[in-house]
Structure formats: C-alpha cells, structure tokens
Amino acid sequence: MNSPSPSDVGRLVHLGIGNFARAHTLHATDVAGGWSVVAFTGRSATMADALNAQGGRYGLIVRGAEGDEVSLVDVIDEVHPASDVDTLVRLLADPFTAVVTLTITEKGYAAGSDPATSAPARIALGLKARREAGVTEPIALVSCDNLTGNGEVLGQAVLAELDEETKAWFPDHVDVISSMVDRITPSADENASETVRAQTGLADSVPVVTEPFTEWVIEDRFRGRRPEWEKAGVQFTDDLEVHELRKLRLLNGAHTLMAYAGQVAGVQRVDEAIAHREVRALVEQLWAEARATLPLPAAELDAYTAALEERFRNPRLADNLIRIAADGSVKLPVRALPVIAERGGPEQAPGEVAAVAAWTAWVTDRVRAGEEVQDPKSEAIAAAASLEDTTERVSSLLALLDVPAIDPLVDAVLAEEQRLPRP
Ligand code: CS2
C-alpha cells in the first residue's frame, strides 16, 4: 500500500471479481500496463483464496469458433473477500487509488445500507475516509454492469449512503462514470484448467473462458488518472447511452428471451437456442421491436444483429442458458419492459412480451418441479409461481418486476405463455 510515482500510474480497485470482470476490465487494465490492482470478491469469497494462491494470475482462454487462444493475465496484486470492509476503506482513503471499477451485477445496486452486503454502502464509507484524510486527487467510480445509465445508478446509490459533509465534498472529488462492457463469458468448463496448464504452465484453479469479441465503451469524463485503456481497444465517448441501449436491448434482451424460452423448449445452451426454429423466430421478433426504439441507422443495426447471431452460434463457447436465467426479476425491467412501454404497449411488442412470458412460464415450471430459481426475489417468486389461479399467478409474478404495472400486460403474457414452443 505504498505510493510509488510516476504520476501516470495508480491503483485500481475492482469490486466483484467474477469471470466477467476478469475477461475484460482486468484484462484491459493488464494490457494498458503500469497499474496496480486490488480486487474484492462478489458473493463468493472463495475466489479470493483461489487467486491469491496463484499470485493473482489466471489464464484467459479466448474460445473462437475455430480454436482457443490462451494467455496469462498478471495484473492483480491482492484479492480480498467483499466482507473485508476495513481494507477497502483504507484503499479508498489512499491518494494512489484513482479508479474503482465495479461488476457487482444488477442486483448489487439495490443492496441497501449495510456495508456488509452493499457495495455502494462500502464505497460511501471509503469516500468519507478519503475526505477525512484530506485527499485532493479525484477518484473515478466506473460501473461496468448491465444497467441503463449505470454510472448514474451507482452515483445515486452511493450518495444515498453518504453523510452531509461527504455529500458536499463529493462533486469536486468524485467522478461517477458510465460504461458499456460486452464480452460473453460462460462458466469455465472442466477442461479449462488443463488447457491453461498445458499452454502456459500455470496451475490455475479458476481459469476464464470467453469469446473473441470484446467491446468496452466508457464515458470520457475522468478528471484524475486512469489506465491507458485505449491500448486495449477501449473507446471513450461523450454519448454512451446509445451504446448501452443497443447492447442491453439487442444482446441482453435476446439472451434473456433465449434463456427462458430455450429452456421451456427443452434446450440448454445459447447455440442450441438460436438454432431452434421457433425460439429463433421469437428472437427475430424481439430484435425488430427493440431496433425500432434505437436511434441508429438500419445498416448499423443489421451489422450488429448479424454479428450477434454469429456470436450466439459459436459452437465451442458452450454458454449455458441457466447462467443467463439468473436474476430475471432485475434483468427484465432493464432489458424488455422499457421496449414494451416505448412501443406503446404489449400489442406492439409481442417478442418482448414473449421474453416476459417465457420467464413466468420458466419460473413456474421450475418452482413446481421443486427446483431453485436463482434470484434476489426467489422466495416471492416461489410463492407467486405456486398460485393455482393462472391470472393471479401471472399478475403476482409481474408485480415483482418493479415497474408500474402496464395493465394489458397480464393478458398478453398469459396469451404468449400458451404460444411458447414446448418439447
Ligand atoms: C448475460 C450477460 O448473464 C446475462 O444475463 O446476458 O452476462 C452477457 O453475457 C454479457 O452482458 C455479454 O457482454
């Protein structure tokens, strides 16, 4: 925790070190060079022990349709469990720390006020300590999660936890920055460790498997130091929103639809879902509706969806639908519901309604089969999905999506549930 010069380097603190962050944020920081990284785990603390045991290094397997490219990422100095609040506070109070990146998933931004469970509350404690230590260097908080205006969402979550004095200090010392990150990162398969060992010699218990495609677009608003991410192909922009909406509605929207409709139809992986005739027709329908809400030229959208289709078809990536199916109650309100509202209602957005209906159908199937639904609202979902009356069941599930109820949605979802492809 000493503070070396030169002034163009610094320390980056990352919150939520799962596979996603290791496939892009930390990889890009490694390519940029010169920066020290201290990471904190998300929900599972086991990643801390595993990474520390291998000196913070890990293998990155880039899995193209034709073959693998394996490299070592060596950028992490230390990993701490999320519960180590004291270390985070100490690091944020240190002027050498200039950037905090976050991949805490959608639900991490609504986690409440307890620093033990809420990353925004922990950051608030750290910023208070930074102010009290008299640090004048700006610090940037950069969200990399799949939310619209993720920087604003983060800023509000942190401000809500701050004392009055730090709130007043905040605008002059903290930049809250939105970014759009895109790289599909499935769970690593059981052969991944052996692949890394064979190609690099590292005995890696937590390798990362990812796709060749990678995109990170960041708002250009840093007053302080930051890694030279341009070296890793990162783009800086004054207009992030259009990049965010395009990705959330076309990529993540299709992912969510496939995750539920695919499993209801009896397939388990993304490449199988996009190859399934009826699921694929639903994806095309959803794309047509989502595209109509995006202020982008048709040719650009054509190229984007064509590229998406190829990424989804990657036969070697083995991306399981169950990974994407997690946390539907916080994903649908970002990915599908805004399109339904902007289109003027369910009748103008049957593909998006199908995504919602596939969720209600899938959680119902699962709950009735006695299987777990991974979601911050899993208990309420289980209760709603168990209701005998079909209309009550669907309206109770929709009430969990945290949006003002769109009345005709219940009927539209009930109708789409009936039309979903089944095995
Ligand atoms: C997926 C994302 O888990 C999900 O819901 O849609 O993790 C997706 O793979 C990434 O956003 C791709 O960049």
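1. Val38 has Glu78 of strand 5 as its bridge partner. The two strands concerned, strand 2 (residues 36–40) and strand 5, run parallel and are joined by 4 bridges. Strands are taken here as DSSP runs of E with at least two residues and helices as runs of H or I with at least four residues, numbered from the N terminus; two strands pair if DSSP finds at least two bridges between them. The model is a predicted one, in which local features need pLDDT of at least 70 and side-chain atom pairs count only at pLDDT 80 or more, while totals for chains, interfaces and linings use all residues. Residue numbers start from 1 along each chain as its sequence is written.

2. Strands 2 and 5 belong to an open sheet of 6 strands with parallel pairing, in the order 5-2-1-6-7-8. At its edges stand strand 5 (76–80) and strand 8 (174–177), each of which pairs on one side only. On average, neighbouring strands of this sheet are turned by 15° against each other, direction ignored. Helix 6 (residues 150–159) lies across strand 6 (97–102), strand 7 (139–143) and strand 8, and runs at about 120° to strand 7. Such angles run from 0 to 180 degrees between N-to-C directions, the axes being lines fitted to C-alpha atoms, for helices over the stretch in contact.

3. A further open sheet has 3 strands in the order 9-11-12, with mixed pairing. Strand 9 (179–182) and strand 12 (235–237) are its edges; each has a single partner strand, so one side of each is left without a neighbour in the sheet. The twist from one strand to the next averages 20°. Strand 9 and strand 11 (residues 215–219) run antiparallel and are joined by 4 bridges, and Asp182 stands opposite Glu215 in strand 11. Helix 9 packs on this sheet, touching strand 9, strand 11 and strand 12, and its direction makes about 40° with that of strand 9. Contact between two residues means that their C-beta atoms, placed from the backbone, lie within 7 Å.

4. The domain assignment gives domain 1 (10–238) and domain 2 (242–419), with bounds from an automatic or database assignment. Their centres, taken over C-alpha atoms, are separated by 28 Å. In all, 18 residues of domain 1 are in contact with 21 residues of domain 2. The side of domain 1 that touches domain 2 has 7 nonpolar, 5 polar and 6 charged residues. In this classification Ala, Val, Leu, Ile, Met, Phe, Trp, Tyr, Cys and Pro are nonpolar, Asp, Glu, Lys and Arg are charged, and the others, Gly among them, are polar.

5. The ligand is surrounded by Asn146, Asp182, Arg183, Ile184, Asn252, His255, Arg323, Ile324 and Lys331, a residue being near a molecule if its C-beta atom, placed from the backbone, lies within 6 Å of it. Helix 9 (241–264) and helix 13 (321–325) are the elements that give two or more residues to this shell. By class, the shell divides into 2 nonpolar, 3 polar and 4 charged residues. Domain 1 and domain 2 both contribute residues to the shell, so the ligand lies between them.

6. An unreviewed UniProt entry lists "domain: Mannitol dehydrogenase N-terminal" for residues 11–231; positions follow the numbering used here, feature names are shortened, and annotations may be inferred rather than shown by experiment. Over residues 11–231 the chain is 33% helix and 24% strand, and the end C-alpha atoms are 18 Å apart. The annotation "domain: Mannitol dehydrogenase C-terminal", also from an unreviewed UniProt entry, covers residues 239–402. Over residues 239–402 the chain is 71% helix and 0% strand, with the end C-alpha atoms 27 Å apart.
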